[in-house]
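Let's take a walk through this structure, one piece at a time. Have a look at it first, and then we'll start with the strands.

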Amino acid sequence: MEVTYEELVQKSQENYEKIEMVLKKELKEVHLYPEDLEYMDTFGKCINCGLCISVCPVIEEVGINGFLGPREIDVSMVRNVHHVTDQVDVIFKCIGCNACHEICPRKIPTKEIVMFLRHKLLMLDKSKVPTPLHSVMNNFDQHKMFYEPKPIEKRQKIIQRQLKKVGLPYIPDPEKEHADVLFYTGCKAENRLYLMREAAKLILTKLNVDFTMLKDMVCCGYASEEMGDYERRDKLRSELVQKIKKVSPKYIVTICPGCTASLKRIVEKYGLDINVKHMVEYLIDDIGLKNLTVNSNQELVVTMQYPCNLYREFGDYIKDYFKQILENVGNATVKEASISSKCCGGGAYVPLIYPKISNKMLKTKVDAMKEENVKVITTICPECNLSWNTGLHLFDKEKTLELLDLFVFLAALLYSR
Ligand code: SF4
Ligand code: SF4
């Protein structure tokens with residue numbers, strides 16, 4: 001819901017001063033949302049320490065001349081909102097990893113400010129929004145998802161083939177009206193990473209969880225928010241909330257960190273009494289490691305790709321959960337790589353708009369993994385998985401590295417016991 005400039009000013013005395021003094025002219029020309037206040041509150045808080053610049057992975061790859069970076073965004077761009085149409089290149093090079101926020105002594109939410117600026121661009125001049133994003137918007141309008149879905153028969157064939165390859169059975173999607181758990185797949189697993197989706201479904205089935213899935217998936221709005229498209233985000237969210245209410249679950253379990261973060265915000269905003277958990281949280285907190293025990297005697301040394309928007313948003317305990325499952329259930333030896341916590345390069349539309357930047361980041365990661373003698377990289381995020389797939393395809397021609405999705409690994413263990 002939009003608010004007027006005057007309404008927004010009324011809501012905060014502190015912002016009133018800032019808006020009056022600095023931003024009045026600019027902000028009168030753009031549409032404002034209540035949540036914009038949150039970001040406006042950080043305007044002027046930067047102490048110019050430059051720490052964010054030292055950790056930004058995009059600057060690391062392209063240099064400060066290739067991407068002006070978080071400090072410039074937080075200090076200058078927010079004060080010149082109506083000039084955002086001339087700075088498209090800056091706001092779309094941010095990969096949304098939140099490394100800058102993690103280190104910032106003033107906790108300035110650069111990623112959110114970038115979304116705020118992308119939103120203002122969309123409002124001021126939609127034609128300046130990078131072309132690949134227009135087809136994604138079209139997919140949201142047509143299919144309510146990030147991707148155009150494949151025809152059902154083709155999709156089914158791919159699923160059967162992939163499951164067969166890893167020796168896992170196929171089970172149909174549950175279609176219960178009500179269940180304790182709503183397993184929410186997310187756009188990427190629903191339309192591209194079928195094996196991840198099927199594996200998660202198999203895990204829940206094997207553990208006798210009372211769960212169901214949405215017959216017609218609707219995106220949680222995370223991907224629309226990332227392009228600053230708050231209107232589509234809100235439309236998708238309200239449609240999804242209607243579907244969630246019908247199921248009335250106690251839990252929503254996801255396999256996508258972006259969906260987890262987005263759904264946590266949705267249940268809070270709509271006042272729904274539902275626990276939203278990423279699968280690793282659900283397995284550790286609610287199923288318990290002792291119920292996951294399998295007698296695995298395979299010798300596996302693995303390292304992890306930690307998903308930025310899970311551990312940076314909710315805490316490092318996510319990393320421990322990820323490791324605990326690998327060690328205690330998979331009997332794997334976990335080897336931390338120096339760049340396990342560094343963004344895979346797959347976020348916030350950078351691979352679509354600036355593939356050279358995300359490929360550069362991937363090359364750095366592939367080279368570092370090889371240097372550290374890593375053999376197996378595990379992921380718990382569809383976006384990380386897709387990125388690593390690209391990275392290995394491009395930069396590991398000799399195939400020294402293997403990519404392992406934790407859910408596929410776990411399903412294979414559970415179905416072999
Ligand atoms: S969110 Fe990541 S890519 Fe964006 S400015 Fe911050 S550190 Fe750089
Ligand atoms: S780390 Fe925070 S306070 Fe320091 S320059 Fe960056 S935005 Fe400003």
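## Strands side by side

Before we start, one bit of vocabulary: two strands count as paired if DSSP finds at least two bridges between them. Also keep in mind that this is a predicted model.

A good place to begin is strand β3, residues 251-254. What does β3 pair with? On one hand there's strand β1 (residues 181-184), which runs parallel to β3 and is joined to it over four bridges. Val-181 has Tyr-251 of β3 as its bridge partner. Then there's strand β4 (residues 275-278), also paired with β3 in the parallel sense over four bridges. Here, Ile-252 is matched with Val-276 in β4.

## Both faces of β3

Are the faces of β3 covered or open? Both are covered: Tyr-251 and Val-253 are buried on one side, and Ile-252 and Thr-254 are buried on the other. Getting from β3 to β4 takes you over helix α16 (residues 257-269), and the three together make a right-handed β-α-β unit.

## Helix α15 and its two sides

Now for helix α15, residues 230-247. Its 18 residues, at 1.5 Å a residue, should span 26 Å, and the C-alpha atoms at its ends are indeed 26 Å apart, so the expectation and the model agree.

Which residues of α15 are buried? They are Tyr-230, Arg-232, Arg-233, Leu-236, Arg-237, Leu-240 and Ile-244. These residues cover an arc of only 140 degrees around the axis, which means they sit on the same side of α15. There's a simple bit of background here: an α-helix has 3.6 residues a turn, so residues three or four places apart point the same way.

Flip to the face turned away from that buried side and you'll find Gln-242, Lys-245 and Lys-246, which are exposed. As for what covers the buried residues of α15, the list includes β1 and α16, along with α9 (110-124), α10 (131-143) and α14 (222-226). Right after α15 comes Ser-248, with a positive phi near 50 degrees.

## Further along the chain

Next up is strand β5, residues 301-304. Strand β6 (residues 333-334) pairs with β5 in the parallel sense over two bridges, and Val-302 has Val-334 of β6 as its bridge partner.

β5 is also joined to strand β7 (residues 376-379), this time by three bridges, and these two run parallel. To spot the pairing in the model, look for Met-304, whose bridge partner in β7 is Thr-378.

Note on methods
Residues are numbered from 1 along each chain as its sequence is written. Chains are lettered from A and ligands numbered from 1 in the order in which they are written. This is a predicted model: local features need pLDDT of at least 70, side-chain atom pairs count only at pLDDT 80 or more; totals for chains, interfaces and linings use all residues. A residue is buried if 20 or more other C-beta atoms lie within 10 Å of its own, exposed if 12 or fewer, and partly exposed in between; C-beta atoms are placed from the backbone. A crossover is right-handed if, with the strands pointing away from the viewer, the path from the first strand over the helix to the second runs clockwise. The expected span of a helix is 1.5 Å times one less than its number of residues. The arc is that of the directions from the helix axis to the C-beta atoms. Two residues are in contact if their C-beta atoms, placed from the backbone, lie within 7 Å.
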